[in-house]
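Let's take a walk through this protein together, from its sheet to its rings. Keep the 3D view open beside you as you read.

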Amino acid sequence: MCGIIGVVCQEESRRIAEITVNALKRLEYRGYDSVGVASVSSRGIEVRKAKGKVDDVVRIKRIPELTGFLMIGHTRWATHGPPSDKNAHPHTDCKGEVAVVHNGTIKNYRELREELESLGHKFVSETDTEVIPHLIEEFMKRGMDSFSAFKAAIRALHGSYAVLAIVKGERKIYFAKKDNPLVIGLGNGMNFVASDIPAFLDETDRVIVLKDGELGYVTPEEVHVETLEGNVVDVTKRTIVVTWKSESVTKGGYPHFMLKEIHESPVAVEDTINGMLSDMETLTEAVKALAEARRVIVVASGTSYHAGLYFHELLLSEGYNSLPIIASEYYTVKANPSDVVLAISQSGETLDVVQAVKSFKTKGAKVISLTNVIGSALARESDVALYMRAGPEIGVAATKTFVSQLASLALLFSELTGSFKEEIKKIRSILERTIETYEGISKEWGEELAKKSNAYYLGRGLGLPLAMEGALKIKEVAYVHAEAYPAGESKHGPIALVSPGFPVFFINVDKSDLLLNNHAEMKARGAETFAISSNVALGADHEIVLGLSDFLSTFAVAPIIQLVSYYAAVTRGYDPDKPRNLAKTVTVE
Ligand code: M6R
């Protein structure tokens, strides 16, 4: 949550504002409650910020007109204090000579604020972040140089943070990282620090991923990193060249990232499968761990949890002992050294998942992670780090990464059990054909669902995780209230809500014989039924019969439910890339 960017240049110019605004647009998916920047120029520090979306704030506050030799910027997902102009970052000290942007949560901010107020510091916002510039100011007042003051301020914080700080007159951006992502970009005559790589991908592909407990500063020519304890770290060997293309973080002619990313699923899946097969050593290590596990604990949140449930269903079908757990409920499970934890997270930064994994590790369980971001917190916490290669996903709703998760997990299962070897090779072409053939129908279904207030999504076996994902997606982007149930369970209560015209969506890719009865029960109450069926038609009012095996059908279902949700959102006039109240990466409890 919250996106941060810092850019430092040799020359004082407007280019700094251009780069920062571009980065803020790329970071907006991390939070869109407010936006702000602070520049340092020969005139001092200038802050421009307001509640609202990037395009609006940039225009109203005339951010492109700012000049300077460095700039920091922030897009906010509110935690402490509601979205407002005064709670927008950057926050400054009493004299406006220090400015700070922050992603994370400072747990001891109340104590720090009281202490600082007793020393005469004046606060203007309700945020936890504002203690940081005042701490820096306080330490500088006591005679420390700015870097020492920054380090002392960071040491005083309890909680999670990716922080950037700037000081009047200095051509340096100070940074610190703990439990929230921060990466450095190495440019020519300029350097960058940001929450994630897409922010500066137009300027450079040379990146250093910072680790927890590291802090330092960037100048146009230098990157200095040390640990919280003060040991200097040589990061030159940690420079990686990313293969993501700058075009992958633009809309490329599509009206929304969500639609573009659904269309990118076939390539994302192919890259993912080829990438995993090209690192056979890691894949084999993961398979060996799963084969030896007494129990597999599958842990994830949101869409990734649904991918985890899909893997759980596959494991159950071969008699493995598997326990799926929503990450934020990890404390209900007593893990032990004979357990293997499979942690799934697109971002690799979701705090609930990282916390669950840390806890399971203390009980001696081995951890396999599956993420889309190289060097993410989760990957670093795990014994075996598997990576998808879906490319950056900017839309807040997970789409291509969900399909890539299903494909990676199917591959893992295939390596474990020897099943589906030939079918896995067909996933890319199935996805291409599905999108081409069924986008029109998905649009019609989305337009129909846009008229409704509620919906049920029902499935059995492998179809249930997809039903759950269908319901989540339409809630997230179209704000249609939807619930998913095992189809057989629907008669034990949910059916009470069904009256003529109530939409019920069937994911008919497993146990079709049983779903026929559940469909008949809903039709008998006048439901308007929609079905995506592998082979056996249910006779729904609206039905796609894929003519595929149950296994391959699960892959075809994913883009269809995503397209239905996308078109429902657009029909209702919502921006599916920025669903209200949501952030792409959730790094709070
Ligand atoms: O980065 P992660 O996969 O760990 O994210 C987990 C969830 O926050 C995420 O899937 C969320 O549910 C998305 N909004 C789904 O579209």
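What follows is a short tour of a predicted model, with stops at a sheet, two asparagines, a leucine and some aromatic rings.

**The sheet**

A good place to begin is an open sheet of 7 strands, in the order β5-β6-β7-β8-β12-β13-β14 and with antiparallel pairing. Its edge strands are β5 and β14, each of which pairs on one side only. Two helices are worth finding here. Helix α4 (residues 131-141) packs on the sheet and touches β5, β6 (98-106) and β7 (159-167), with its direction at about 125° to that of β6. Helix α5 (residues 146-155) lies across β7, β8 (173-178), β12 and β13, and runs at about 150° to β12.

Now zoom in on strand β13, residues 223-227. Because 4 of its 5 residues are buried, β13 is largely enclosed by the rest of the structure. On one side, β13 pairs with strand β12 (residues 214-218) in the antiparallel sense, over 5 bridges. These two strands make a hairpin with 4 residues between them. Strand β14 (residues 232-233) also runs antiparallel to β13, and 2 bridges join the pair. That hairpin, too, has 4 residues between its strands, and there Gly-230 takes a positive phi near 100°.

Glu-226 is a handy landmark in this region. Leu-215 stands opposite Glu-226 of β13, while in β14 the bridge partner of Glu-226 is Val-232. Val-225 has its own bridge partner in β14, namely Val-233. As background, side chains in a regular strand alternate between the two faces of the sheet.

**Two buried asparagines**

Which backbone atom lies 2.8 Å from a polar atom of the side chain of Asn-87? It is the backbone nitrogen of Glu-126. Asn-87 is found in the loop between β4 (68-76) and β5 (91-92), and its relative accessibility of 0% means that it counts as buried. Beyond residues up to four places away in sequence, Asn-87 touches Arg-76, Gly-81, Pro-82, Ser-125, Glu-126 and Thr-127.

Asn-191 belongs to strand β10 (residues 190-194). With 5% relative accessibility, Asn-191 counts as buried. Its side chain reaches the backbone oxygen of Thr-219 at 2.8 Å, and a polar atom of that side chain lies 3.2 Å from the backbone nitrogen of Gly-187. Leaving aside neighbours within four places in sequence, the contacts of Asn-191 include Gly-6, Val-7 and Val-8, as well as Val-218, Thr-219 and Val-223. Val-223 brings us back to β13, whose residues are 223-227.

**A leucine in a loop**

Leu-462 lies in the loop between β21 (454-459) and α15 (463-478). Is Leu-462 buried or exposed? At 11% relative accessibility, Leu-462 counts as buried. Not counting residues up to four places away in sequence, Leu-462 touches Tyr-310, Glu-313, Leu-314, Val-509, Asp-510 and Thr-554. To get a feel for scale, compare Leu-462 with Val-131: they are 331 residues apart in sequence and 49 Å apart in space, C-alpha to C-alpha.

**Aromatic rings**

How many aromatic pairs does a search of the whole structure find? The search finds 19. Two of them are set out here.

| Ring pair | Centre to centre | Angle between planes | Kind |
|---|---|---|---|
| Phe-413 and Phe-420 | 6.1 Å | 35° | tilted |
| Trp-445 and Phe-530 | 5.4 Å | 70° | edge-to-face |

In the tilted pair, Phe-413 counts as buried at 1% relative accessibility, whereas Phe-420, at 24%, counts as partly exposed. Phe-413 and Phe-420 also belong to a cluster linked by ring pairs, together with Tyr-310, Phe-551 and Phe-555. Tyr-310 is one of the residues touched by Leu-462.

In the edge-to-face pair, both Trp-445 and Phe-530 are buried. This pair links distant parts of the chain: Trp-445 is in helix α14 (residues 427-449) and Phe-530 in strand β24 (residues 528-533), 85 residues apart.

Finally, look for arginines beside rings. Arg-171 lies over the face of Phe-69, at 4.2 Å from the ring centre. Arg-580 has its charged end over the ring of Tyr-479, 3.7 Å from the centre.

Key. Residues numbered from 1 in each chain as written. Predicted model: local features only at pLDDT ≥ 70, side-chain atom pairs only at ≥ 80, totals over all residues. Heavy atoms only, no water. Buried < 20%, exposed > 50% of the residue type's maximum accessible area, 1.4 Å probe, protein only. Pairing = 2+ DSSP bridges. Polar contact = N/O pair within 3.5 Å; in protein donor to acceptor, adjacent residues only side chain to side chain. Contact = heavy atoms within 4.5 Å. Phe/Tyr/Trp six-rings, centres within 6.5 Å; stacked < 30°, edge-to-face > 60°. Lys NZ or Arg CZ within 6 Å of the ring centre and 35° of its normal. Axes fitted to C-alpha atoms, helices over the stretch in contact; angles between N-to-C directions.
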